[in-house]
Structures are given as C-alpha cells and as structure tokens.
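Visitor: Got the structure up? I'd like a quick tour.
Guide: Sure, here it is.

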Amino acid sequence: MTPFTPLRQNGFEGQAPGVKSEYEVVAWDIDDVDVRDFENLRKKIQEVWPDVIYNAVAYNAVDSCEEDDEEYAKAKILNTELPGELAKIAKNLEAVLAHYSTDYVFDGKRPTYRSGQRAPHCCGSGCDGCQYMGKEETIPYWQYSEEDQPNPLSRYGWTKYKGEQAVEEQGEKYYIIRLSKLFGGLSKNALGKKSFFEVMGDLGKKNKEVKAVDNELSKFTYAPDLALESKNIVEENEPFGIYHIVNEGAVTWYEGLKTLYKILGLDTKIIPVGPEEFPRPAKRAEVSVLQNRKRKPLRNYEEALQEWAKIIKN
Ligand SMILES: NC(=O)c1ccc[n+]([C@@H]2O[C@H](COP(=O)([O-])OP(=O)(O)OC[C@H]3O[C@@H](n4cnc5c(N)ncnc54)[C@H](OP(=O)(O)O)[C@@H]3O)[C@@H](O)[C@H]2O)c1
C-alpha cells in the first residue's frame, strides 16, 4: 500500500525517486505494516493522515485460491475486507482512496450494463465510436466498459469484485482502477512475482521453441504508465468511480509473446496452443478486453514493451 501526501507534516520516510517535490510519499510493504491487522493499519495511516491512499496490496494466487479453502480465506481478507476497511479509514480522514482491481471481474461473455436504467447494449444516444452501434457481426470482440456488469468466473475474481463493492459501499472519495496483464520492472528477489514477459523472455533465451496460449484476449498494462495515470486521475480531480487503465492493443498471450521476441531479437519458435494445453484450476475469460471510456487512451503496449526491453537490458 502506498499512501502519498503533499508535505503537510515532516519526518516521514521521505521523497520517492521521480516524484514531484511537493509530494511526500510514504510507501509501506509487509515488513512495515501487515495490513491484515486492521487496527494497527488504521493507527499507522492516521499517524500519516494522507491526502491520498493507493492500495496495491492483493492476494494474486488465482489458482491456489480456487482449489484450496485456506488460500481462499486469505484472498477474501486481502481482496475484499481490506479494501472495505481502507475505504472506511479514508472516509474518516477525508482522504481519497485509489484501489486497484482487475479484468477478472468479467466473464468474457457479451457485456451488459450495471445500471438497470440503460438498455443492455446501445443506449440510443448515437455516441461517437460506441462499440454497440451498428450490427453485432461487425464487432471483432467485446470490450468491457467501466459501466458493464461484472460476473467473475473464479473465486479470485469474486474476491476482487466484492472488494470493489466494499469500496463503493463504505467509501466516499474513491477511484477503483481496473487493469489487466500487468508488467513492469524485473522482480528483485527469488520470491518476487515475475510478469509474463519476464518469464517468457528468460524461457526464450534458453529454448529453441516455447508454447504460448493463443487465448485470453485482453490488454497489457505497463506499471509505470499505470502509476503515472493513477497520479493524473487524482491530480485532475476526475469524478470518483471506476476507471479502466490499460495500454492499448488487445492481444492473446501468444500474440503478446510474438511482439516480445521481435523486440528482443529472439528467433525462438512460438507454438500457439489452446488453454487445454496448460490446464489450471481457475477459469479465465476468453475475452476480457477493458475499454477505457473516461480518459485519454494510454500508448500501445508495443511502445511500452520497447521501453521495458531497453530498461531491462541496462
Ligand atoms: N499482476 C497482474 O497481471 C494483475 C492483473 C490485473 C489486476 N492486478 C491488480 O493489480 C494490483 C497489484 O497486483 P500485483 O500483481 O502488483 O500484485 P503483487 O505483485 O502480488 O503485489 C501485491 C503486494 O501486496 C503486498 N502484500 C501482500 N500481503 C500483504 C500484507 N499482509 N501486508 C502488507 N502487504 C502485503 C505484497 O508484499 P510482498 O511483496 O512483501 O509479498 C506485494 O507487494 C492488485 O490489486 C491486483 O489484483 C494485477
């Protein structure tokens, strides 16, 4: 969890690199505060009294939580109870809460609106560029807008969706920021979670051929772009609510990997396979493309991936 605050009190952990000097950033990991201890968490946040709280804590072992009830219980605490608790804390301090969520809240079927007030597809306003305009057959795939109704396929997805609901019910000034297929810097230690590109980049260097699932069409999200946009949303006083922040360019894992190897100059053969080749306990949506209807689109993931590739070389 990463609260940041304009300099209103002195003596905290100091300046984060690359952050404008009017901000004082207080960034905590599990060694600083175990967020499952809600009472201590409340006390620690109150001591800081931040203007904004960013919650990037999550339980992300999607498959373990699907098949193991103890793991599922852990997921519920971090993904559902914690966001609700943070929303309450933020409300008491009159702070803004920015909470991260996921495309896994969607089921991959044709989207339907959350609000009962609106027609399920075309709202009839003739909005420029609306995906629901015209004949359905002309639409290559569905994109999920911020308004669409979640219906998760997995236990993990449900814990995240319920976390969103807890923020909406218990919070006041909040942003729920959904993202998908996150990638960023290299993992710093053996226990660190590696992104798809990091794992497959390593595999591609060691093998003549690799297999990649040609499914799960969605958009990649480059962590530095997400971080900057998360800051912009707050600074620009955007209306509170749900945001989809992803890099443009919807691709399957296989298509994303082709782009990676081209950028890295690897001639490793990539064999496209179906999801049945790598059976996993938790169901994934075939399509979970997030549509960003509230902000200027982020750059295409290919450009972000080129930047990432340059950074990891050094
Ligand atoms: N990764 C993706 O592809 C993806 C896709 C869609 C949405 N998201 C969402 O993006 C957000 C960030 O995901 P991520 O992939 O960056 O997750 P991550 O790498 O697993 O990071 C989660 C963080 O939570 C911390 N944490 C876990 N338990 C804690 C505890 N009890 N007390 C304090 N800190 C604790 C972890 O600390 P340690 O490092 O010390 O364990 C870690 O820094 C999540 O909301 C996730 O649902 C991610």
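Visitor: How many residues surround the ligand, and which are the closest?
Guide: Keep in mind that this is a predicted model. In it, 18 residues surround the ligand. The closest are Ile-30, Ala-58, Tyr-100, Thr-102 and Leu-182.

Visitor: How does that shell divide into nonpolar, polar and charged?
Guide: Nine are nonpolar, three are polar and six are charged.

Visitor: Switching to the core. Which residues have the most contacts inside the largest nonpolar core?
Guide: Ile-53, Ala-90, Leu-97 and Ile-177. That core has 65 residues. Helix α3, residues 69-93, gives the most to it, with six residues.

Visitor: What is Ile-177 in contact with, leaving aside neighbours within four places in sequence?
Guide: Ala-98, Tyr-100, Ser-101, Ser-230, Tyr-243 and Ile-245. Tyr-100 is also among the closest residues to the ligand. Ser-230 is one of the buried residues of α6.

Visitor: Which other residues are buried in α6?
Guide: Asp-225, Leu-226 and Ile-233. The buried set covers an arc of only 135 degrees around the axis, which puts them on the same side of α6.

Visitor: What comes just after α6?
Guide: Asn-237, with a positive phi of about 50 degrees.

Visitor: Now α8. Which residues are buried there?
Guide: Tyr-301, Ala-304, Leu-305 and Trp-308. They fall within an arc of 100 degrees seen down the axis, so they line one face of the helix.

Visitor: And on the other side of α8, which residues are exposed?
Guide: Lys-310 and Lys-313.

Terms used
Residues are numbered from 1 along each chain as its sequence is written. This is a predicted model: local features need pLDDT of at least 70, side-chain atom pairs count only at pLDDT 80 or more; totals for chains, interfaces and linings use all residues. A residue is near a molecule or strand if its C-beta atom, placed from the backbone, lies within 6 Å of it. Ala, Val, Leu, Ile, Met, Phe, Trp, Tyr, Cys and Pro count as nonpolar, Asp, Glu, Lys and Arg as charged, and the others, Gly among them, as polar. A residue is buried if 20 or more other C-beta atoms lie within 10 Å of its own, exposed if 12 or fewer, and partly exposed in between; C-beta atoms are placed from the backbone. Helices (H or I, at least four residues) and strands (E, at least two) are DSSP runs, numbered from the N terminus. The arc is that of the directions from the helix axis to the C-beta atoms. A nonpolar core is a set of buried Ala, Val, Leu, Ile, Met, Phe, Trp, Tyr and Cys residues joined through C-beta atoms within 7 Å. Two residues are in contact if their C-beta atoms, placed from the backbone, lie within 7 Å.
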